[in-house]
Amino acid sequence: KNVSVLNGPNLNLLGTREPAVYGAHTLADVEALCLQACARHGLVLQFRQSNHEGDLVDWLHEAGRLHAQGELAGVVLNAGAYTHTSVALLDAIKGTGVPLIELHISNVHAREAFRHHSYISAVARAVICGLGVAGYGLAIDAIAQW
Ligand code: DQA
């Protein structure tokens, strides 16, 4: 089965973006880590990043179709700042019923108040935040058990 790892805005800047908050790993490092995690479980990785909200909506719809066909185990979504703003992502997850783990590299609850609310959490099966990029591997380990 597939696992879809979807990354939202500014995550292409990982490695150089606020390293004190997000660490030194690049998005390519995160993809390599996800590939290793998928290999442990015999899962096929789809790894994507976009700075555009609609791309994330389209990819969630695609994941929903694959899940309905029994071909997708789950989604890991780091929606970046859209986490805190996007009713469209909430509706896409609700509308497709795709099982999903919300992920944040940083501990959003220890940061600015505007990061404390997430539109995704109410429709996510689980939330991982504050474990750095290691959270991606842990999310895939969890999805492998679903
Ligand atoms: C983030 C946290 C968000 O608040 C922020 O806008 C991001 C990254 C994280 O991975 O910690 O872009 O999702």
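The expected span of a helix is 1.5 Å times one less than its number of residues. This rule is applied below to helix H3 of the structure, which is a predicted model.

**Helix H3**

Helix H3 covers residues 53–68, and its 16 residues should span 22 Å at 1.5 Å a residue; the end C-alpha atoms are 23 Å apart, which agrees. Within H3, the residues Leu56, Leu60, Ala63, Gly64 and His67 are buried. Viewed down the axis of H3, these buried residues fall within an arc of 105°, so they line one face of the helix. Gly54 and Arg65, on the other side of H3, are exposed. The buried residues of H3 pack against three elements: strand S1 (2–7), strand S3 (72–78) and helix H4 (87–96). Just after H3 comes Gly70, with a positive phi of about 75°.

**Helix H5**

Helix H5 is made of residues 134–143, and its buried residues are Gly135, Tyr136, Ala139, Ile140 and Ile143. Down the axis of H5, the buried residues fall within an arc of 140°, so they too line one face of their helix. They pack against S1, helix H2 (27–41), S3, S4 and strand S5 (126–129). Strands S1 and S3 thus appear among the packing partners of H3 and also among those of H5.

**The listed active site**

Under "active site", an unreviewed UniProt entry lists Tyr22 and His104. The two positions span 83 residues in sequence, yet their C-alpha atoms are not more than 9.5 Å apart, so they gather at one spot.

Tyr22 is found in helix H1 (residues 19–22). It is partly exposed, with 19 other C-beta atoms within 10 Å. Leaving out residues up to four places away in sequence, Tyr22 touches Leu14, Arg17, Ile105 and Ser106.

His104 is found in strand S4 (residues 100–104). It has 23 C-beta neighbours inside 10 Å and counts as buried. With residues up to four places away in sequence again left out, His104 touches Asn78 and Cys129.

**The listed binding site and the ligand**

Under "binding site", the unreviewed UniProt entry names Asn78, His84, Asp91, Ile105, Ser106 and Arg115. These positions are spread over 38 residues of sequence and are also spread in space, with up to 24.4 Å between C-alpha atoms.

Asn78 is found in strand S3. With 26 C-beta neighbours inside 10 Å, Asn78 counts as buried. Apart from residues up to four places away in sequence, it touches Asn7, Gly8, Leu11, Leu103 and His104. Arg115 is found in the loop between S4 and S5. It counts as partly exposed, with 17 C-beta neighbours inside 10 Å. Its contacts, leaving aside neighbours within four places in sequence, are His84 and Val108.

Which residues are around the ligand? They are Asn10, Asn78, Gly80, Ala81, Thr83, His104, Ile105, Ser106, Val108 and Arg115. By class, this shell has three nonpolar, six polar and one charged residues. His104 of the shell is also one of the listed active site positions, while Asn78 and Arg115 are among the listed binding site positions.

**The loop between S1 and H1**

Three residues of this loop are described here. Leu14 lies in the loop between S1 and H1. Leaving aside neighbours within four places in sequence, Leu14 is in contact with Tyr22, His25, Thr26, Leu27 and Val30. Leu14 and Asn107 are 93 residues apart along the chain, and their C-alpha atoms are separated by 16 Å.

Asn10 lies in the loop between S1 and H1. Although it is not a glycine, Asn10 has a positive phi of about 75°. Glu18 is placed in the loop between S1 and H1 as well. Its phi is near 30°, a positive value in a residue other than glycine. Most residues other than glycine have a negative phi.

The table gives the burial of these loop residues.

| Residue | C-beta neighbours inside 10 Å | Class |
|---|---|---|
| Leu14 | 23 C-beta neighbours | buried |
| Asn10 | 14 C-beta neighbours | partly exposed |
| Glu18 | 11 C-beta neighbours | exposed |

Key:
Residues numbered from 1 in each chain as written. Predicted model: local features only at pLDDT ≥ 70, side-chain atom pairs only at ≥ 80, totals over all residues. UniProt positions renumbered as here; feature names shortened; annotations may be inferred. Helix = DSSP H or I, 4+ residues; strand = E, 2+ residues; numbered from the N terminus. Buried ≥ 20, exposed ≤ 12 C-beta atoms within 10 Å, placed from the backbone. Contact = placed C-beta atoms within 7 Å. Near = placed C-beta within 6 Å. Nonpolar A, V, L, I, M, F, W, Y, C, P; charged D, E, K, R; others polar. Arc of directions from axis to C-beta.
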